[in-house]
Amino acid sequence: VRQPRVAILSTGDELLTPDQPLTPGKIRDMNGYALAAAVIALGGVALQLPIARDTVAAVRARLEDARAAYADLILSSAGVSVGAFDAVKTAVEADGTLNFWKVNIRPGKPLAFGLVGGVPFFGSPGNPVSALVTFDVFVRPALLMMMGLPAETGMSEAELGERMTSDGRRTYARVRLERREGRLVAYSTGSQSSGVITSLVAADGLLVLPEGVTDAPVGAVFPVRLFDAG
């Protein structure tokens with residue numbers, strides 16, 4: 001099976017490449033490199049596009065670049081929320097169709113999916129944890145299916161070693177896992193803010209709090225997506 005070619009597009013006026021000096025109001029483009037690494041780890045080919053600024057014309061030009069590079073899938077980050085400078089949704093709808101926008105999960109609610117010139121498109125949120133969690137939950141299975149592989153994720157169950165709360169959406173909580181008397185016990189890696197990438201770096205997996213669960217006590221058992229399942 002041919003390796004899928006995935007065009008990676010970061011969007012935002014505030015973004016800088018690693019070789020550019022950091023100036024006030026600017027941040028490094030982490031998502032482009034993290035998502036490219038995730039694609040490569042699965043066996044795909046990552047096509048990193050230049051950063052698109054926050055205009056519909058700029059995003060449309062990059063989407064055309066992706067099609068010209070014969071991408072099998074387009075993966076963008078940022079620009080799919082409800083801000084005044086979120087141009088990605090408009091650009092996709094101008095050149096294709098948006099099949100859905102927003103999913104009832106945390107983090108990653110603004111995720112979008114559609115087709116651009118017949119090419120599947122995933123628009124992930126701009127916060128780095130949201131971008132990587134939605135990659136794991138939505139994009140990873142799609143790429144595995146494109147490669148003719150089972151779209152499976154290593155799953156287990158873990159008992160909460162501490163109380164956790166949620167807002168009622170399906171929540172993918174970053175946790176570290178300890179094995180105790182033959183069972184897994186989960187602890188939060190810290191702040192669950194979608195901008196705190198260190199909490200994802202320190203995690204062994206994502207504990208899944210189902211929809212409607214707002215308060216999970218110590219000892220409750222939930223599914224957990226394992227990061228080291230291969």
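Trainee: Which residues have the most contacts inside the largest nonpolar core, and what makes a set of residues such a core?

Mentor: In this predicted model, the largest nonpolar core has 19 residues, and those with the most contacts inside it are Val59, Leu63, Ile74 and Phe121. Two or more residues of this core come from each of β1 (5-10), α2, α3, β8 and β9. The set is called a nonpolar core because its members are buried residues of kinds such as Val, Leu, Ile and Phe, joined through side-chain atoms within 4.5 Å. Apart from it lies another core, of 16 residues, with Leu73, Leu75, Phe113 and Phe135 among them.

Trainee: Beyond its neighbours within four places in sequence, what is Phe121 in contact with?

Mentor: With those neighbours left aside, the contacts of Phe121 are Leu63, Ile74, Ser76, Val88, Val92, Ala112, Phe113, Gly114 and Val116; each counts as a contact because heavy atoms lie within 4.5 Å.

Trainee: Which residues of helix α3 are buried, and how do you know where around the helix they lie?

Mentor: Helix α3 (residues 88-95) has Val88, Lys89, Ala91 and Val92 buried. Seen down the axis of α3, the buried residues fall within an arc of 165°, so they line one face of the helix. These buried residues pack against α2, β5 (73-77), β6 (96-101), β8 (112-116) and β9 (119-124).

Trainee: Why is the pair of Phe113 and Phe122 called tilted?

Mentor: A search of the whole structure finds two aromatic pairs. In the pair of Phe113 and Phe122, the ring centres are 4.9 Å apart and the planes stand at 55°; the limit for pairing is 6.5 Å, and an angle neither under 30 degrees nor over 60 counts as tilted, so the pair takes that name. Phe100, Phe113 and Phe122 form one aromatic cluster.

Trainee: Is Phe122 buried or exposed, and how do you know?

Mentor: Phe122 has a relative accessibility of 6%, and because buried means under 20%, Phe122 is counted as buried.

Trainee: What makes the charged end of Lys102 count as sitting over the ring of Trp101?

Mentor: The charged end of Lys102 is 4.6 Å from the centre of the Trp101 ring, and the distance limit is 6 Å, with a second condition of 35 degrees from the ring normal. Lys89 also lies over the face of Trp101, at 3.9 Å from the ring centre.

Trainee: How do you know that Arg62 and Asp65 meet in a salt bridge?

Mentor: Their side chains come to 3.0 Å, N to O, and because the rule asks for a nitrogen of Arg or Lys within 4 Å of a carboxyl oxygen of Asp or Glu, the pair qualifies. Arg62 and Asp65 both lie in helix α2 (residues 56-68), three residues apart, about one turn of the helix. By this rule the count comes to twelve salt bridges.

Trainee: Why are Arg62 and Asp65 called partly exposed?

Mentor: Arg62 has 21% relative accessibility and Asp65 has 31%; because partly exposed covers the range between 20% and 50%, both residues receive that label.

Trainee: Where in the chain do Arg170 and Glu211 lie, and what makes them a salt bridge?

Mentor: The side chains of Arg170 and Glu211 meet at 3.2 Å, N to O, which satisfies the 4 Å limit. The pair links distant parts of the chain, with Arg170 in strand β12 (residues 170-180) and Glu211 in the loop between β14 (205-209) and β15 (215-216), 41 residues apart.

Methods. Residues numbered from 1 in each chain as written. Predicted model: local features only at pLDDT ≥ 70, side-chain atom pairs only at ≥ 80, totals over all residues. Heavy atoms only, no water. Helix = DSSP H or I, 4+ residues; strand = E, 2+ residues; numbered from the N terminus. Buried < 20%, exposed > 50% of the residue type's maximum accessible area, 1.4 Å probe, protein only. Arc of directions from axis to C-beta. Phe/Tyr/Trp six-rings, centres within 6.5 Å; stacked < 30°, edge-to-face > 60°.
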